[in-house]
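Here is a short report for someone meeting this structure for the first time. Please look over the sequence and the model before reading on.

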Amino acid sequence: FAELEAVDPEIADIVTGELDRLRGGLQLIASENLTSAAVLAAQGSVLTNKYAEGYPGNRYYGGCEVVDRAETLAIERAKSLFGADHVNVQPHSGANANLAVYAAFAQPGDAVLAMSLPHGGHLTHGSKVNFSGRWFTAVPYHVRRDTELIDYDEVRELALVHRPRIIVAGATAYSREIDFAAFRSIADEVGAILWVDAAHFIGLVAGQAIPSPVPYADVVSATTHKVLRGPRGGMLMCRQEHARAIDKAVFPFSQGGPMMHTIAAKAVAFREAQTENYRRYAAQVVANAQALSQSLTDAGMRAVSGGTDTHLALFDLQHLGVDGRTAEARCAAAAIVLNKNAIPFDPAPPAVASGIRVGSAAVTSQGFDASDMNTVGVLLSRAVRAEAGTVGGDRELASVKNDVTALVTRKPAYPDA
Ligand code: PLP
């Protein structure tokens, strides 16, 4: 770091500033985590220099014998961690992994059945502003109004009518376990590929905290930087019969040279995820999300679907008379970092939204337990109710911020950095 400070003090200052920001508040963004020093070391290594188009043992460049070992280790560790037939660790991100899935299994114009974006799906599941919605015919399924759980009857009905090429299970803002067996049976009934987008929850699968989609899916896409706590990136797992199609869809179809430093860091994360320590972490992530969910419910917020089985929870704030955008801003003023989120059947536009989404992965990495999460819930609800811009509201937000500081000082992020 001394080198960075000498060469580029402005960027050094930004890195220090971000570390201070991480330490100074509660990081409740459900898609974020705090990677280990070992992952950061691999990511910031000389492996960034190497061009290695192709796959281990079959590259378009010389000098790949060392980085081949990193990619082979990443693949073998992921195969054993998830029990997958075939793994590709080259996707630069979750969205890139998803692009490769479309490329491997569908042609432009084909129908793809996926969770509706306002009900929790991801942009790459058929949004008009994304390649997926522009190049493919998106057919959205929804959650039920009464339970706010995936409407499996609707999934089946839509599958029978539209005969999609691909059915997608997996979402960005859905807090419950997904019935992969139900999706498999619907996919089999209509001859569709079953793709599970496990970007959010793959880390819980790695830690055996929730059931694995791998035995059910033709292909599983994932990110490595959320609960899994690796470097920012993507990965794909598939049945052996799809291995060639998936590899070709990543390189050469949609990417050039792989990021070997990131692949090495993914290997480190997979190794960390194979430990008993990580399994305890994954179980604690779920316990902490449930404790936070209970605390917010006790404070008068409504948990969408009644709670959570995973690392995230979605809250409807409508009856508090506070919209998601306002809640996000009030929390930010108290150093509680989270995002506004649409809730199913949301009457508010997406830029305003009626809900917030919270996640427990990052705070669990810094050692928070269920009793800390109860405190987090109390602080969060005080912040959401504080009317910023009024004397009393601003005073309350300052007081919440003080309490947040006390909490994160007791269990800091990156205590040794
Ligand atoms: N798929 C899902 C379900 C996601 O939630 C996300 C990101 O939040 C992605 C894909 C995309 O991942 P990335 O941001 O790495 O492109």
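The report below covers confidence, the ligand site, annotated residues, the core and some backbone details.

**Confidence**

This is a predicted model. The chain averages a pLDDT of 98, and 100% of the residues score at least 70. Confidence is lowest in helix α1 (residues 2-7), with a mean of 96. Strand β4 (residues 86-88) has the highest value, at 99. For the complex, the predictor gives an ipTM of 0.99 and a pTM of 0.97.

**The ligand shell**

The ligand is surrounded by 15 residues. The closest are S93, G94, A95, T172 and A199. Helix α5 (residues 94-105) gives the most to this shell, with three residues. By class, the shell has eleven polar residues, three nonpolar and one charged.

**The annotated lysine**

The unreviewed UniProt entry places the feature "modified residue: N6-(pyridoxal phosphate)lysine" at K226. K226 sits in the loop between β9 (219-223) and β10 (234-238). Is K226 buried or exposed? K226 counts as buried because 27 other C-beta atoms lie within 10 Å, and the cut-off for burial is 20 or more. Leaving out residues up to four places away in sequence, K226 touches S31, N33, A199, H200, G203 and A361. A199 is also one of the residues closest to the ligand.

**The annotated binding site**

The unreviewed UniProt entry also places the feature "binding site" at L117, G121, H122 and L123. L117 is found in the loop between β5 (111-115) and α6 (131-135). L123 has its place in the loop between β5 and α6 too. Burial sets these two leucines apart. L117 is buried, with 24 other C-beta atoms within 10 Å. L123 counts as partly exposed, with 16 C-beta neighbours inside 10 Å. Neighbours within four places in sequence are set aside in the contacts that follow. L117 is in contact with L123, H125 and S127. L123 touches L117, V129 and N130.

**The nonpolar core**

Nonpolar side chains tend to be buried together in soluble globular proteins. Here the largest nonpolar core has 133 residues. Those with the most contacts inside this core are A78, L113, I167, L194, I336 and A383. What does I167 touch, not counting residues up to four places away in sequence? The contacts of I167 are L113, A159, F183, I186, A187, A192 and L194. Two of these, L113 and L194, are also among the residues with the most contacts inside the core.

**Backbone details**

The peptide bond from F251 to P252 is cis, with omega near 15°. P252 is found in helix α10 (residues 243-254). Two other residues have a positive phi although neither is a glycine. The table sets them out.

| Residue | Phi | Place | C-beta neighbours within 10 Å | Burial |
|---|---|---|---|---|
| A335 | about 65° | loop between α13 (324-333) and β13 (336-337) | 22 | buried |
| F345 | about 60° | loop between β14 (339-341) and β15 (355-359) | 13 | partly exposed |

Why is A335 called buried? A335 has 22 other C-beta atoms within 10 Å, and a residue is buried if 20 or more lie within that distance. F345 has 13 such neighbours, so F345 counts as partly exposed.

Conventions
Residues are numbered from 1 along each chain as its sequence is written. This is a predicted model: local features need pLDDT of at least 70, side-chain atom pairs count only at pLDDT 80 or more; totals for chains, interfaces and linings use all residues. A residue is near a molecule or strand if its C-beta atom, placed from the backbone, lies within 6 Å of it. Helices (H or I, at least four residues) and strands (E, at least two) are DSSP runs, numbered from the N terminus. Ala, Val, Leu, Ile, Met, Phe, Trp, Tyr, Cys and Pro count as nonpolar, Asp, Glu, Lys and Arg as charged, and the others, Gly among them, as polar. UniProt positions are given in the numbering used here, feature names are shortened, and annotations may be inferred rather than shown by experiment. A residue is buried if 20 or more other C-beta atoms lie within 10 Å of its own, exposed if 12 or fewer, and partly exposed in between; C-beta atoms are placed from the backbone. Two residues are in contact if their C-beta atoms, placed from the backbone, lie within 7 Å. pLDDT is the predictor's confidence in each residue, from 0 to 100. A nonpolar core is a set of buried Ala, Val, Leu, Ile, Met, Phe, Trp, Tyr and Cys residues joined through C-beta atoms within 7 Å.
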